[in-house]
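Please look over the model shown here, with attention to a pocket and to a helix.

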Amino acid sequence: MISDHGIPGVVPAGSMADRSQPVLVLPGGLELRPWRTDDADADALLAGGQEPAIRQWNLFSVGSRDEARARIERMHERWRAETGAVWAIARPGGPPLGLAGLHAVDLAGGSADIMYWLLPESRGGGIVVQAARRLGRWALDELGLHRLRLCHAVANPASCRVAEKAGYAYEGTMRSSLLHADGWHDEHLHALVAGSD
Ligand SMILES: CC(C)(COP(=O)(O)OP(=O)(O)OC[C@H]1O[C@@H](n2cnc3c(N)ncnc32)[C@H](O)[C@@H]1OP(=O)(O)O)[C@@H](O)C(=O)NCCC(=O)NCCS
């Protein structure tokens with residue numbers, strides 16, 4: 001595909017929609033796998049959407065199991081539309097411990113944003129650093145994107161540490177850039193860029 005500026009698209013259309021969402025193996029007996037519409041996954045998404053820190057920092061809330069199921073269906077639609085790619089972090093055969101994925105996917109422009117959260121009982125073990133590294137490899141090396149943005153509120157230092165440890169370099173502070181429940185927050189912009197260390 002050629003853009004209006006005569007520059008070819010970075011990743012060809014169909015690179016996601018023409019295949020099923022892969023399972024990505026993580027260290028420590030975990031994996032990133034597509035969300036399912038069964039009760040276990042809907043309940044895990046509901047638990048995440050009710051947890052105060054996830055509601056605060058991910059601006060994510062879910063009110064019922066039915067709403068959770070509808071959100072999982074929308075994840076699958078966004079994969080087919082090539083605008084999002086969202087995985088559950090889980091042990092094989094087990095329920096989700098958290099979520100990691102990409103939103104604002106722009107195949108032609110070669111970029112996306114990464115997002116993540118863990119349910120409280122699974123925090124503290126470095127799981128999301130592993131997930132962010134694996135997603136970075138998938139997005140840049142396997143899918144072919146050029147740049148992956150990671151934004152977090154400056155008031156959320158755990159997410160900053162995840163970004164740094166996973167290799168998403170700090171690029172700057174976006175002033176008053178996101179409205180949370182308690183008002184406007186500054187955000188750090190980090191990014192993983194193809195071909196740079
Ligand atoms: C942020 C989050 C995903 C990290 O989960 P995790 O993978 O369990 O991360 P860990 O707790 O193992 O911490 C990762 C690193 O951050 C550090 N860290 C954790 N809390 C911290 C804090 N409050 N201040 C500074 N560093 C902190 C840890 O020490 C660790 O670094 P280390 O390995 O060098 O010691 C998880 O806490 C979470 O889901 N929080 C609520 C929602 C959220 O913040 N989402 C992100 C929105 S951008």
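The briefing below takes the pocket and then the helix.

This is a predicted model, in which local features need pLDDT of at least 70 and side-chain atom pairs count only at pLDDT 80 or more, while totals for chains, interfaces and linings use all residues. Residues are numbered from 1 along each chain as its sequence is written, and side-chain values use heavy atoms, with hydrogens and water left out.

**Largest pocket**

- The largest pocket (an open set of points on a 1 Å grid over the protein atoms alone, where a 1.4 Å probe fits, with protein on both sides within 12 Å along at least five of seven lines) has a volume, the space filled by probe spheres set on the points, of about 1100 Å³.
- Its lining, meaning residues with an atom within 4 Å of a point, comprises 39 residues, of which Trp57, Asn58, Met115, Tyr116 and Trp117 lie nearest the centre.
- Among the elements (DSSP runs, with helices H or I of at least four residues and strands E of at least two), strand S5 (111-118) gives the most to this lining, with six residues.

**Helix H3 (65-81)**

- The 17 residues of H3 should span 24 Å at 1.5 Å a residue (1.5 Å times one less than the number of residues), and the end C-alpha atoms are 24 Å apart, which agrees.
- Ala68, Ile72, Met75 and Trp79 are the buried residues of H3 (under 20% relative accessible area, 1.4 Å probe, protein chains only).
- They cover an arc, taken from the directions from the helix axis to the C-beta atoms, of only 45 degrees, which puts them on the same side of H3.
- The face turned away from that buried side carries Asp66 and Arg80, which are exposed (over 50%).
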